[in-house]
Amino acid sequence: MVTMGQCYYNETIGFFYNNSGKELSSHWRPKDIVVVALGLTVSVLVLLTNLLVIAAIASNRRFHQPIYYLLGNLAAADLFAGMAYLFLMFHTGPRTARLSLEGWFLRQGLLDTSLTASVATLLAIAVERHRSVMAVQLHSRLPRGRVVMLIVGVWIAALGLGLLPAHSWHCLCALDRCSRMAPLLSRSYLAVWALSSLLVFLLMVAVYTRIFFYVRRRVQRMAEHVSCHPRYRETTLSLVKTVVIILGAFVVCWTPGQVVLLLDGLGCQSCNVLAVEKYFLLLAEANSLVNAAVYSCRDAEMRRTFRRLLCCACLRRSPHESAHDASSARGHASTRIMLPENGHPLMDSTL
């Protein structure tokens with residue numbers, strides 16, 4: 001007989017799963033094997049791609065600038081997310097029942113902290129891009145202290161949300177508040193997490209929309225004085241493409257998971273959230289792979305650094321080839337557009 005108000009710190013994981021109605025398998029089922037196989041594949045890809053991004057930023061002095069600190073932090077958060085998801089894959093399925101309560105909270109906390117850090121860094125990048133574009137500043141002129149404070153703030157928020165469930169925001173003393181997807185967590189925690197991610201997305205939409213209209217007005221103003229050079233028209237089209245990719249990737253990867261989290265957090269009993277939760281979590285984890293492509297691979301200099309890291313022979317290129325690459329980078333319209341008004345770029349690939 002379960003008594004409300006009593007705490008169950010000495011119970012097993014199975015006790016809480018039975019209370020929430022979530023099945024705890026005792027053997028490997030086909031769907032468990034599929035989820036683990038997909039999860040391990042995504043985790044390894046996330047680890048490799050983000051390690052490559054971090055290595056590129058560390059090895060190329062051109063990236064030792066504040067905005068690239070944020071890109072490096074995003075790669076670090078996504079690398080952490082890949083490690084957390086890899087840990088989950090080795091402690092899921094029939095192995096879940098063998099976890100202690102502390103082990104379960106560790107598994108959940110690592111995942112929550114890493115994903116929160118990734119999402120928060122996406123917002124920090126949007127905020128810094130807005131500041132740079134509005135001030136028409138080069139990356140090197142961004143204040144390093146401001147960027148460092150943003151990074152510190154991101155990890156404080158991430159650690160806070162990741163550690164709270166284990167210390168207070170659980171349901172070990174209120175079984176009627178337990179989530180179905182995460183049977184040891186309070187439903188209110190899931191609702192707050194989902195709403196926080198939704199708020200981040202809305203803020204990103206507002207920031208990038210403001211950037212888009214600002215750049216478009218400036219491009220139109222410049223075009224009036226230079227007979228509408230094709231490169232200025234390409235600026236607007238490239239900006240639209242970049243914004244659509246950034247926001248589209250976020251929506252595709254995060255929306256399904258946030259919807260089921262919110263439904264579970266609100267206590268929707270008729271919603272079959274358990275049927276899709278593992279696949280939607282995998283999709284959210286895949287965003288850590290997409291981020292590397294969206295925020296790093298669109299940078300021409302970053303791509304060249306990747307090639308040098310992946311192919312040692314490229315380190316011994318001739319001076320003629322290096323000069324040709326530099327010339328190509330300067331002429332890449334979608335990467336950087338120089339406006340004649342003051343010579344500063346209005347738009348670049350790190351947008």
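**Disulfides, salt bridges and a charged patch**

Visitor: Why is the disulfide of Cys 171 and Cys 178 called right-handed?

Guide: The torsion about the S-S bond of Cys 171 and Cys 178 is about 100 degrees, and this disulfide is therefore right-handed. The structure is a predicted model, in which local features need pLDDT of at least 70 and side-chain atom pairs count only at pLDDT 80 or more, whereas totals for chains, interfaces and linings use all residues. Residues are numbered from 1 along each chain as its sequence is written, and side-chain values use heavy atoms, with hydrogens and water left out.

Visitor: How do you know that Cys 171 and Cys 178 form a disulfide in the first place?

Guide: A disulfide is taken here as a pair of cysteine sulfur atoms within 2.5 Å, and the sulfur atoms of Cys 171 and Cys 178 are 2.0 Å apart, so this pair satisfies the cut-off.

Visitor: What makes Cys 171 and Cys 178 count as buried?

Guide: Buried means under 20% relative accessible area, exposed means over 50%, and partly exposed is in between (1.4 Å probe, protein chains only). Cys 171 has a relative accessibility of 0% and therefore counts as buried, and Cys 178, with a relative accessible area of 8%, is buried too.

Visitor: How many disulfides does a search of the whole structure find, and what pattern do they follow?

Guide: The search finds three disulfides, and they follow the pattern 1-3, 2-4, 5-6 when bonded cysteines are counted along the chain. One of them joins Cys 7 to Cys 173, with an S to S distance of 1.9 Å. Cys 7 lies in the segment before helix 1 and Cys 173 in the loop between helix 5 (144-167) and helix 6, so this pair ties together parts that are 166 residues apart in sequence. The torsion about its S-S bond is about 110 degrees, which makes the disulfide of Cys 7 and Cys 173 right-handed. Another pairs Cys 268 with Cys 271, their sulfur atoms 1.9 Å apart, and a torsion of about 70 degrees makes this disulfide right-handed.

Visitor: Are Cys 7 and Cys 173 buried or exposed, or in between?

Guide: Both are in between: Cys 7, at 34% relative accessibility, counts as partly exposed, and Cys 173, at 24%, counts as partly exposed as well.

Visitor: What makes the contact of Glu 277 and Lys 22 a salt bridge?

Guide: A salt bridge needs a side-chain nitrogen of Lys or Arg within 4 Å of a carboxyl oxygen of Asp or Glu, and the side chains of Glu 277 and Lys 22 meet with an N to O distance of 2.8 Å. Glu 277 lies in helix 8 (residues 277-295) and Lys 22 in the loop between helix 1 (13-20) and helix 2 (30-59), so the pair ties together parts that are 255 residues apart in sequence. Helices, here and below, are DSSP runs (H or I, at least four residues), as strands are (E, at least two), numbered from the N terminus. Glu 277 counts as buried at 11% relative accessibility, and Lys 22 counts as buried at 12%.

Visitor: Which residues are joined into one network by salt bridges that share partners?

Guide: Glu 301 forms a salt bridge with Arg 62, the closest N and O atoms being 3.0 Å apart. This pair links distant parts of the chain, with Glu 301 in helix 9 (residues 300-310) and Arg 62 in the loop between helix 2 and helix 3 (66-89), 239 residues apart. Glu 301 also forms a salt bridge with Arg 304, with the closest N and O atoms 2.4 Å apart, and both of these residues lie in helix 9, three residues apart, about one turn of the helix. Through shared partners, Arg 62, Glu 301, Arg 304 and Arg 308 are joined into one network.

Visitor: Why is Glu 301 called buried?

Guide: Its relative accessible area is 11%, and Glu 301 is therefore buried; Arg 304 is buried as well.

Visitor: How many residues does the chain have, and what share of them is buried?

Guide: The chain has 351 residues, and buried residues make up 49% of them. Ten helices and two strands are found in the chain.
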